[in-house]
Amino acid sequence: MINYYKSAERTLSARPDLDRALENLKARKEAVLLRGRPQGMRTADTTRPYISEGRVNDTLSSCVELAELDREIATTQATIEGIDRALDQLPEAEAAVLRAWYIDKATKEQIADRLNYASATTVYTLKNRGVAAFAVLYFGAGALGST
């Protein structure tokens, strides 16, 4: 059986990395596009009515790489949007604690100060409640039994 609570924590912890991954994927896509662009105009060689096999293979490889990058960009964007959508559906206090804890990587003391809570116990309570609610919102009904 899946531990949805732990999965929710891993998903929330990965949120900042997903932002960086999206930037990296877009940069890789740009590099492939730049690498594959024509490198200058040559005079047509009418004695050769064909294109070299190497150029065809390079072009096909670039097309496959671009398709894979586009798929990964779309998947990463959808995951980020899903995490953000679930966080937006949580009560404000729980969402604020989860964002500070998992996305901003703040300490419990920093979170208590930032959100004006008297004790770290309040932060832990809101975090635990928020992660359980996030698990249900993000993973669905299967998370009900494990939270």
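**Exercise 1.** Show from the packing angle that α3 and α5 are roughly perpendicular to each other.

*Solution.*
Step 1. The model is predicted, so local features require pLDDT of at least 70 and side-chain atom pairs pLDDT 80 or more, whereas totals for chains, interfaces and linings use all residues. Residues are numbered from 1 along each chain as its sequence is written, and side-chain values use heavy atoms, with hydrogens and water left out.

Step 2. Locate the two helices: α3 covers residues 92–103 and α5 covers residues 120–139. Helices are DSSP runs of H or I with at least four residues, strands are runs of E with at least two, and numbering starts at the N terminus.

Step 3. The packing angle is about 95°, and the axes are 8 Å apart. Axes are lines fitted to C-alpha atoms, for helices over the stretch in contact, and angles between N-to-C directions run from 0 to 180 degrees.

Step 4. Apply the classes: under 35 degrees is roughly parallel, over 145 roughly antiparallel, 65 to 115 roughly perpendicular, and the rest oblique. The pair α3 and α5 is therefore roughly perpendicular.

Step 5. On the α3 side the contact (heavy atoms within 4.5 Å) is made by Ala93, Glu94, Val97, Leu98, Trp101 and Tyr102. From α5 come Val123, Tyr124, Leu126, Lys127, Arg129, Gly130, Val131, Ala133 and Phe134.

Step 6. By class, this contact has eleven nonpolar residues, one polar and three charged. Nonpolar covers Ala, Val, Leu, Ile, Met, Phe, Trp, Tyr, Cys and Pro; charged covers Asp, Glu, Lys and Arg; the others, Gly among them, are polar.

**Exercise 2.** At what angle do α1 and α3 pack, and which residues make the contact?

*Solution.*
Step 1. The angle is about 65°, with the axes 8 Å apart. That makes α1 roughly perpendicular to α3.

Step 2. The crossing of α1 and α3 is right-handed; that is, the near helix is turned clockwise from the far one by less than a right angle, anticlockwise being left-handed.

Step 3. α1 contributes Glu9, Leu12, Ser13, Arg15 and Pro16, and α3 contributes Leu98, Tyr102 and Ile103. The contact of α1 with α3 divides into five nonpolar residues, one polar and two charged.

**Exercise 3.** Which residues of the largest nonpolar core touch the most other members, and which helix supplies its largest share?

*Solution.*
Step 1. A nonpolar core is a set of buried Ala, Val, Leu, Ile, Met, Phe, Trp, Tyr and Cys residues joined through side-chain atoms within 4.5 Å. Buried means under 20% relative accessible area, exposed over 50%, and partly exposed in between (1.4 Å probe, protein chains only).

Step 2. The largest core has 23 residues, of which Leu12, Ile83, Leu87, Leu90, Leu98, Val131 and Phe134 touch the most other members.

Step 3. At least two residues of this core come from each of α1 (4–36), α2 (53–89), α3 and α5. The largest share, eight residues, is that of α1.

Step 4. Excluding neighbours within four places in sequence, Phe134 is in contact with Ala8, Thr11, Leu12, Ile83, Ala86, Leu87, Leu90, Leu98 and Phe139.

Step 5. Apart from the largest core lies another, of seven residues, including Val97, Ile111, Ala112 and Val123.

**Exercise 4.** Is Leu22 buried or exposed, and what does Leu22 touch?

*Solution.*
Step 1. Leu22 lies in helix α1. Its relative accessibility is 13%, so Leu22 counts as buried.

Step 2. Not counting residues up to four places away in sequence, Leu22 touches Ile73, Thr76, Gln77 and Ile80. The C-alpha atoms of Leu22 and Gln77 are separated by 7.3 Å, at 55 residues apart along the chain.

**Exercise 5.** Where are Lys105 and Asn116, and what is the value of phi in Lys105 and in Asn116?

*Solution.*
Step 1. Lys105 is in the loop between α3 and α4 (108–114). Phi of Lys105 is near 60°, a positive value in a residue other than glycine. Lys105 counts as partly exposed because its relative accessibility is 49%.

Step 2. Asn116 is in the loop between α4 and α5. Phi of Asn116 is near 60°, again positive in a non-glycine residue. With 69% relative accessibility, Asn116 counts as exposed.
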